[in-house]
Amino acid sequence: MKTLAQIISFIFHPCFIPCYATLIIFYGLNNSVYNLLTPQETKWRVAVLVLLFTGIFPALSVVGLAMYKKVSNLYVTEQSERTLPYIAGALFYLFFFYFLNDVQIWDSLKLFILSGGITLTIAIIINFKIKISAHTLSIGGLLGFILSISYLIRLDVTFVYVGLIFLFGIIAWA
């Protein structure tokens, strides 16, 4: 069971959730304005940038923190060690949001990135008192994003809501 939990935890690592969200709105919501009105080249460029700023750069910052012994391991299991990775992640998200303001892309995607930065900033504050799971924060953010997108474009994706809520439970367990 521990191996299964680790696999689930890796697949749904918070660094990957924004990229999943980007792929869902560009490719998962068939016949939506995001899918139909966004050029293919733009979709891939944005997806790569999302992966870089919300995935690779934050992950590399954790590797750097581990190299300089600011965190004891790459899993950052200690509550006291999570502050610096959360700060780094929040800064990458907020910088990426600032960068996206010069890019012609859907405002909803920009706001999703901003909300990720704000959520990490709040997580920093909460982390001073209690250990908070970035995994559940990120899947909750994905659920909120899909809810808001489906409301905006009037698309019934109830099956996606149910799946994400189920996934939320699995991730919280893992």
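Let's start out on the surface, with K69, which counts as exposed at 71% relative accessibility. This residue lies in the loop between α4 and α5, and its backbone does something worth a look: phi of K69 is near 60°, a positive value in a residue other than glycine. Keep in mind as you go that what you have on screen is a predicted model.

Stay in that loop for a moment, because V76 lies between α4 and α5 too, in a relative accessible area of 7% that makes it buried. The phi of V76 is near 45°, again a positive value in a residue that isn't glycine. So here is a loop with K69 exposed and V76 buried.

Where does V76 go when it turns inward? It belongs to a core of 5 residues, among them V62, L65 and A66 as well. That little group lies apart from another core, the largest nonpolar one, which has 38 residues.

Now for that main core. In soluble globular proteins, nonpolar side chains tend to be buried together. Here, the residues with the most contacts inside the 38-residue core are I25, I146 and L164. Several helices feed it: α2 (17-28), α4, α5 (83-100), α6 (107-127), α7 (134-152) and α8 (158-173) each supply at least two residues. The biggest giver is α7, with 7 residues.Pick I146 and look at what surrounds it. Leaving aside neighbours within four places in sequence, I146 is in contact with I24, V157, V160, Y161 and L164. L164, you'll recall, is another of the residues with the most contacts inside the core.

From there, move over to helix α6, where S108 has its place. Is S108 buried or exposed? With a relative accessible area of 13%, S108 is buried. Apart from neighbours within four places in sequence, S108 is in contact with Y34, F145 and I149.

Next to S108 in the numbering is D107, and that brings us to the charged pairs. The count of salt bridges comes to 2. One of them joins K110 to D107, with the closest N and O atoms 3.9 Å apart. The cut-off for a salt bridge is 4 Å, so it's worth having that 3.9 Å in mind when you look at the pair. K110 and D107 both lie in helix α6, 3 residues apart, which is about one turn of the helix. The two ends of this bridge sit in contrasting surroundings: K110 is buried, with a relative accessible area of 9%, whereas D107 counts as exposed at 52% relative accessibility.

The other salt bridge is in helix α4. There R45 pairs with E41, and the closest N and O atoms are 2.5 Å apart. Both residues lie in that helix, 4 residues apart, again about one turn. R45 is exposed, with a relative accessible area of 54%.

Back to K110 for a second, since it also leads to F97 in helix α5. Leaving aside neighbours within four places in sequence, F97 is in contact with K110, I113 and L114. F97 is buried, with a relative accessible area of 18%. You can also follow the chain from F97 to L111: they are 14 residues apart in sequence, yet 7.8 Å apart in space, C-alpha to C-alpha.

What about the cysteines? A search of the whole structure finds 0 disulfides. Why is there no bond between C15 and C19? The closest cysteine sulfur to that of C15 is the one in C19, and at 11 Å it is too far for a bond. Seen from C19, the closest cysteine sulfur is in C15, again 11 Å away. Both residues are tucked in: C15 counts as buried at 12% relative accessibility, and C19 is buried at 13%.

To finish, go back out to the surface. A nonpolar patch of about 710 Å² is made there by L51, I56, L60, V63, M67, Y68 and L74. Take I56 as a way in: its place is in helix α4 (residues 40-67), and at 36% relative accessibility I56 counts as partly exposed. Patch residues must have over 30% relative accessible area, so I56, at 36%, clears that bar. Helix α4 is also where the R45 and E41 pair lies, and α4 is among the helices that supply at least two residues to the 38-residue core.

Methods. Residues numbered from 1 in each chain as written. Predicted model: local features only at pLDDT ≥ 70, side-chain atom pairs only at ≥ 80, totals over all residues. Heavy atoms only, no water. Patch = residues over 30% accessible without salt bridge, like charges linked within 9 Å, V, L, I, M, F, W, Y side chains within 5 Å. Areas by Shrake-Rupley, 256 points an atom, 1.4 Å probe, with all protein chains shown as cover. Salt bridge = Lys/Arg side-chain N within 4 Å of Asp/Glu carboxyl O. Buried < 20%, exposed > 50% of the residue type's maximum accessible area, 1.4 Å probe, protein only. Disulfide = S-S within 2.5 Å. Core = buried A, V, L, I, M, F, W, Y, C linked by side-chain atoms within 4.5 Å. Contact = heavy atoms within 4.5 Å.
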